[in-house]
Amino acid sequence: MRLEMSEASVYYVDVLLPLHLPGCYTYRVPQEYNGQVRPGVRVAVQFGRQHIYSAIVRRVHTSQPVWKTKYIVAVIDSRPVVTEEQMLFWEWLARYYMCSPGDVMAVAMPARMRLASESVVAIHPDYDGELSSLGKHEVQIVQLLMDHPVVKVEDIGRAIGVAKVMPLIRSMMERSIIVMDEELRERYKPKTSTFVGLAEVYRGDDALRGLFDSLERAGRTKQVEVLMQLLQKGGKERMAVAKRELPQGSSLQTLIKNGVLVAEERMESRLERVDDSKLVSPASIELNEEQSAAYRLLSDNGQNVNLLYGVTSSGKTEVYIKLMADVVEQGGQVLFLLPEIALTTQIINRLRRYFGSAVGVYHSRFSASQRVEVWRRAIDPDGGVQVVLGARSALLLPFNNLKLIIVDEEHDTSYKQQEPAPRYHARDAAIYLASRLGARVVLGSATPSIESYYNAVSGKYGLATMTTRYGGFSLPQVEVVDMREAHAEKSVHGHFSQTLLDAVGGAVARGEQAILYQNRRGFSLRIECDDCHHTPQCVNCDVSLVYHKASNSLRCHYCGYSIPVPGECPACRSTRLRMVGVGTERVEEDLQIMMPDARVARMDLDSTMQKNQYMELLADFQAGRIDILVGTQMVTKGLDFKHVSVVGIIGADSIINFPNFRSFERAFQQMTQVSGRAGRHGGGGRVIIQTFNPVHQVLTDVIEGDYASLYDEQIQERRVFRYPPFYRLVRVTLKHREQGVLNAAAAWMAAALRSAFDWRVMGPEYPLVSRVKGLYLKEITLRFEKSEPIADAKRVMLQVADDLLKNEGWSAVAVNFDVDPY
């Protein structure tokens, strides 16, 4: 209930700060702000001696605290920018994922809606990604900020190996490449443009004819031209148009000066303008028998959560659009989640064909100001956004009437946030949010996660299946190449079997396209000395540096540390250095050498750093200007290309043999998904998988398209070894710069947890990468029966962590919790 504020009373507000703090803080409201402050608005507050932050008002009250309170500095908003339901959702995320509400706020709110005085650096919103004019260290800074969107100044210097980094940063700020400090703190400002329209006196037909006659008699042909363009662009209603769309020059200025035209400043959207005059009705979509059955089941089976399990290219998107149209027609909002930003490029055009300007897009490749605009339109009932398309962060938007959430490719690991907290899973969090709002959830996938499929077959979720490709097209033929035999027969060229080269070459010769999947970016995994076998390592992390030929550097993919390629071994001075392993850069270069007439392109994090470059790559491939597309997991997810007939998987073994209890599940998903890019529009498709273990059961399941076999085996193993979906996991990660301190703290915490939870505690153990960004890591994993409440256990874990940090010798140990690690 909203508190009615009188001008004379003394009021206080409990505010939420975007910081890792246990709860809300109380401030006093200056009398002049009485009546302006209410839950959900932002206020500027001083926290600490110097820092000013924007905080969200959680509660307004008259209860005076026993301690002295500071006054709020300013009221930023005239109306709430966060809803009550959204704040309750944030609080649930904090409780469930064992972090603070401030952690959730810091991730949820667009940067332009946060005030913060920190020495951090980010890419300038208007920087176009052009690298050719930058120096070596400047390129390294841009690459670092692409991998880590906000970085502290001192971390930049350490990552690029430059002691005095501020001159570089100042130079890049002057050229609008990066922003720092005050620029990051600047509040969002609506974009304004000058609009020009006819003066009221000339809006009538007779007056307008008279105006044209007088201008033509006076020989003012250029002014007539300006008026003609204005009328053409303004349409039948003779609306004002943006001044920039009219011929610039003295004629336009004269018409304004003489009162023929009126110019005014208006707020203008930063979002792409959409023409709603040519919309296609969703009713025009003709569903086949399987699609119709799925649509009916998902519409009225009484289940709030449903799994749509359909093979690749079975037409799941058409079913989604039908379901979305039902909600939009009734005035509700739809959230369409995708795991990869690249996927939005294709799907947004399809959705706008049916829903036009009602579609809003929200992801990290948008500028900070564009994200604020989508945020404001989503919360406003009159904002015009009924369909929001985005990656996992879109789940945190303030919806005003959300009725349907679609989680496409629900199995994808990208839905799980890794750093920073909250380490939430967007699929699972979406189900909770929908339950609060009375909305429905549709999870879609050709390779469902084991957990989701278990929930479906056990009756917790509804289940709709589609087993055939749309249009009656057949699934691609999958072949396995035994690389041991290929090497023995000397039919391997570089990293390609002759079978794969023949298939790709044949596709190109026929005017078709091919996709090659290699789940490693860079040129080679490492450089190794042939004499002493030394490998350059990151100074901050326990990993070898990856060779990137494009920048001629060795880079760490964890912290961004980079060094030039050495001319000799730093250990023994030998010049006999060789490259070990293969990444997407190497695959691209080798193909260009072996097939000089083919047009080869690469799609990975490094090749899509520039603004909109991933969109250009996909557009070129769609238009047939690229013959062979080499990529990482980006190319496995839901992309639809008409002319792809061959898909090659360079090294299946590295996917299968990853040390994780989900490795077989993920290997099946990745290989099946990338295979599904072939032959989607007829003509047959062919998939070549290169492996040294062709009899592996996962490969057999991929060849036969047998998800049921994979599921049956995995569900039995997980039941026996106490893994999800039968048990819930919580991973505790401890970090410290000194290994000895970390070992002692981890041993103490494991013992304290074991005394409370006994056999459920595993560890402490070092993870695969035991040092990242200068901090040593140790992990403790806890298992809890899924059937038992876990809230009390979480409170015990948090208390043990607090007790650990109260120890003077361990106060600097960082303790992170990851609930349902994925």
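Two strands pair if DSSP finds at least two bridges between them. The exercises below use this rule on a predicted model.

**Exercise 1. Which strands pair with β35, and in which sense?**

Solution.
- Step 1. Begin with the hairpin. β34 and β35 form one, with two residues between them. In its turn, Lys773 has a positive phi of about 55°.
- Step 2. Count the bridges of this pair. Strand β34 (residues 771–772) is joined to β35 by two bridges, and the strands run antiparallel. Val772 has Leu775 of β35 as its bridge partner.
- Step 3. Go on to strand β33 (residues 761–765), which is antiparallel to β35 and joined to it by three bridges. Here Leu782 in β35 is the bridge partner of Val761.
- Step 4. Add strand β32 (residues 727–736), which runs antiparallel to β35 with ten bridges between them. His736 is found opposite Tyr776 in β35.
- Result. β32, β33 and β34 each pair with β35 in the antiparallel sense.

**Exercise 2. Is strand β35 mostly covered or mostly exposed?**

Solution.
- Step 1. Take the extent of the strand: β35 covers residues 775–785, eleven in number.
- Step 2. Apply the cut-off for buried, which is under 20% relative accessible area. Eight of the eleven residues in β35 are buried.
- Result. Strand β35 is mostly covered.

**Exercise 3. What is the strand order of the open sheet of five strands, and which strands are at its edges?**

Solution.
- Step 1. Read the order across the sheet: β2-β1-β4-β3-β5, with antiparallel pairing.
- Step 2. Look for strands that pair on one side only. These are β2 (25–29) and β5 (74–75), the edge strands.
- Step 3. Check the pairing at β5. Two bridges link β5 to strand β3 (residues 42–47) in the antiparallel sense. Ala44 is placed opposite Ala74 in β5.

**Exercise 4. Why does Gln714 count as buried, and what does it contact?**

Solution.
- Step 1. Place the residue: Gln714 is part of helix α23 (residues 707–721).
- Step 2. Gln714 counts as buried because its relative accessibility is 3%.
- Step 3. List the contacts, leaving aside neighbours within four places in sequence: Gln714 touches Ile450, Phe661 and Phe664.

**Exercise 5. How many residues are in the largest nonpolar core, and which helix gives the most to it?**

Solution.
- Step 1. The largest nonpolar core contains 117 residues. Those with the most contacts inside it include Trp90, Leu395 and Met749.
- Step 2. Helix α24 (residues 739–757) gives the most to this core, contributing nine residues.
- Step 3. Take Leu395 as a case. Beyond its neighbours within four places in sequence, its contacts include Phe89, Leu335, Ile405 and Tyr424.
- Step 4. A second core, separate from this one, has 29 residues, among them Ala294, Leu308, Val327 and Val328.

**Exercise 6. How many cavities of 30 Å³ or more are there, and which residues line them?**

Solution.
- Step 1. The search of the whole structure gives two such cavities.
- Step 2. The largest cavity has a volume of about 100 Å³. Its lining includes His411, Asp412, Lys637 and Arg666. By class, this lining has seven polar, three charged and no nonpolar residues.
- Step 3. The volume of the second largest cavity is about 50 Å³. Among its lining residues are Gln140, Leu144, Arg555 and Cys556.
- Step 4. Helix α3 (residues 136–147) gives the most to the lining of the second largest cavity, with four residues. By class, that lining has two nonpolar, four polar and two charged residues.

Definitions and conventions:
Residues are numbered from 1 along each chain as its sequence is written. This is a predicted model: local features need pLDDT of at least 70, side-chain atom pairs count only at pLDDT 80 or more; totals for chains, interfaces and linings use all residues. Side-chain values use heavy atoms; hydrogens and water are left out. Buried means under 20% relative accessible area, exposed over 50%, partly exposed in between (1.4 Å probe, protein chains only). Contact means heavy atoms within 4.5 Å. A nonpolar core is a set of buried Ala, Val, Leu, Ile, Met, Phe, Trp, Tyr and Cys residues joined through side-chain atoms within 4.5 Å. On a 1 Å grid over the protein atoms alone, a cavity is a set of points where a 1.4 Å probe fits but cannot get out, and a pocket is an open set with protein on both sides within 12 Å along at least five of seven lines; lining residues have an atom within 4 Å of a point. Grid points are joined across faces, edges and corners, and a volume is the space filled by probe spheres set on the points. Ala, Val, Leu, Ile, Met, Phe, Trp, Tyr, Cys and Pro count as nonpolar, Asp, Glu, Lys and Arg as charged, and the others, Gly among them, as polar.
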